[in-house]
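User: I'm new to reading protein models. Could you help me see how the labels are earned?

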Amino acid sequence: MAADPYDVLGVKKDASQEEIQKAYRQLAKKLHPDLNPGNEHAEEQFKDVAAAYNLLGDGEKRARYDRGEIDASGAERPQRQFYKDFAEEGSQYTSDAGFADFVDDDILSRIFTRDGRATTVRMRGADAHYRLTLDFLDAINGGNQQITLPDGSILDVRIPPGTHNGQILRLRGKGRPGIGDGPPGDALVQVEVRPHRIFTREGDNIHLDLPISLGEAVLGGRVRVPTPSGPVTMTVPKWSNTGTTLRLKGKGVPRADGSKGDELVSLKIMLPERSDPEVEKFVAQWGGTYDPREAMEA
Amino acid sequence: MEADEFVLHARIDAETLDTWLEAGWLAPRRDEGRTHFSEIDLARAHLINDLNNLGVNDAGVPVILDLVDQLHGVRRVLRELLSAARSGTIG
């Protein structure tokens, strides 16, 4: 004899339809085989709950049951298969999103590739992450670098000119191997650039403090200036002051489009290390009245 | 089975079926312009019906279906792992 549907749902005989629905939903959440695929007793219990709700959830059927016109065994017990009976086998609905980040794991790869299963699973390999520290000029000028991987193999990395600190270089297909005949992942190389002794970088421009002599500052002249692509000659105009910034067009950081930023040269007047009586005598004779601190007076 | 038989088994009307197909909740096999529903499509349709009875609205259904599919994917891998571990092919 079938159990009393009111007992199955755990409601009183005079429960309202809302109470019956609420009781059903609470039980179904816990017992639905597709929402609780690991609970092997859930399916039988859920079928009882579903049958009871089928009878009591419909006000008309419930009234007939209460009048004794139909009994609980007449309640339809769902003859059906549940989604979980098919879903694990692999189908158009199968999703690897719940574990795709684990697939570079050695054990999982072996499972996927053993005894011909590779044909059923095809998955892109995971990305591999590396770090590479570059000298300032190697990053600006670009070139080829190598990373030695933990397993002793060597990864060739092409550094594009103008690479900046923190940039991530993607090497297509150089990551972990794919599963089945899936393509390999990418290698992602994060670049760290060491600071330079004399150059600093701001965006595409290079900044340099250039010491000049008193004579060069007063009379002007041609001076050699280091740039990332080698020294160049620059004209210092007559009467240049400390802090004067000169722009060397196109001597900065290469850009992706082939153009280049500028080098900004900030002049800094340097007196000779040792005192020179000639200079002292001359300056004493000069006796100028210029007060560079005039603007600071209150 | 074809659509008219499917709606009977799934206890939905043709219009509902169209909506579900459009939303991608069901993705039956198609060849040569004909749609073939299989047991898994039917079981999935029952699950969607149950979700509706549980009070899940149309916005919630695809979220749950996606998580259920992910859960089954994970269960499948776990099962493979356990059987591989028992048979000693890994470790």
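Analyst: Happy to help: here are some labels and the reasoning behind them, and please keep in mind that this is a predicted model.

User: Why is Arg44(B) called buried?

Analyst: Arg44(B) has a relative accessible area of 4%. Buried means under 20%, so Arg44(B) earns the label. Arg44(B) lies in helix α3 of chain B, residues 39-53.

User: And why is Asp69(B) called buried?

Analyst: The relative accessible area of Asp69(B) is 7%. That value is under 20%, so Asp69(B) counts as buried too. You'll find Asp69(B) in helix α4 of chain B, residues 60-87.

User: What makes the pair Arg44(B) and Asp69(B) a polar contact?

Analyst: Their side chains are joined at 3.0 Å. The cut-off for a pair of N or O atoms is within 3.5 Å, one able to donate a hydrogen and the other to accept it, so the label fits.

User: Which residues of chain A does Asp69(B) touch?

Analyst: Asp69(B) touches Tyr83(A), Tyr93(A) and Ser95(A). Arg44(B) also has Tyr83(A) and Tyr93(A) among the residues it touches.

User: How do you know how much area chain B and chain A bury between them?

Analyst: The size of an interface is often given as the accessible area lost when the parts come together. For chain B and chain A this comes to about 3300 Å², 60% of it on carbon and sulfur atoms. In chain B, Ile40(B), Leu54(B) and Arg76(B) lose the most area to chain A.

User: What polar links cross the interface of chain B and chain A?

Analyst: The rule finds eight residue pairs in polar contact, but zero salt bridges.

Notes. Residues numbered from 1 in each chain as written. Chains lettered and ligands numbered in written order. Predicted model: local features only at pLDDT ≥ 70, side-chain atom pairs only at ≥ 80, totals over all residues. Heavy atoms only, no water. Helix = DSSP H or I, 4+ residues; strand = E, 2+ residues; numbered from the N terminus. Buried < 20%, exposed > 50% of the residue type's maximum accessible area, 1.4 Å probe, protein only. Contact = heavy atoms within 4.5 Å. Buried area = accessible area lost by both parts, 1.4 Å probe. Salt bridge = Lys/Arg side-chain N within 4 Å of Asp/Glu carboxyl O. Lists of a residue's contacts leave out its neighbours within four places in sequence.
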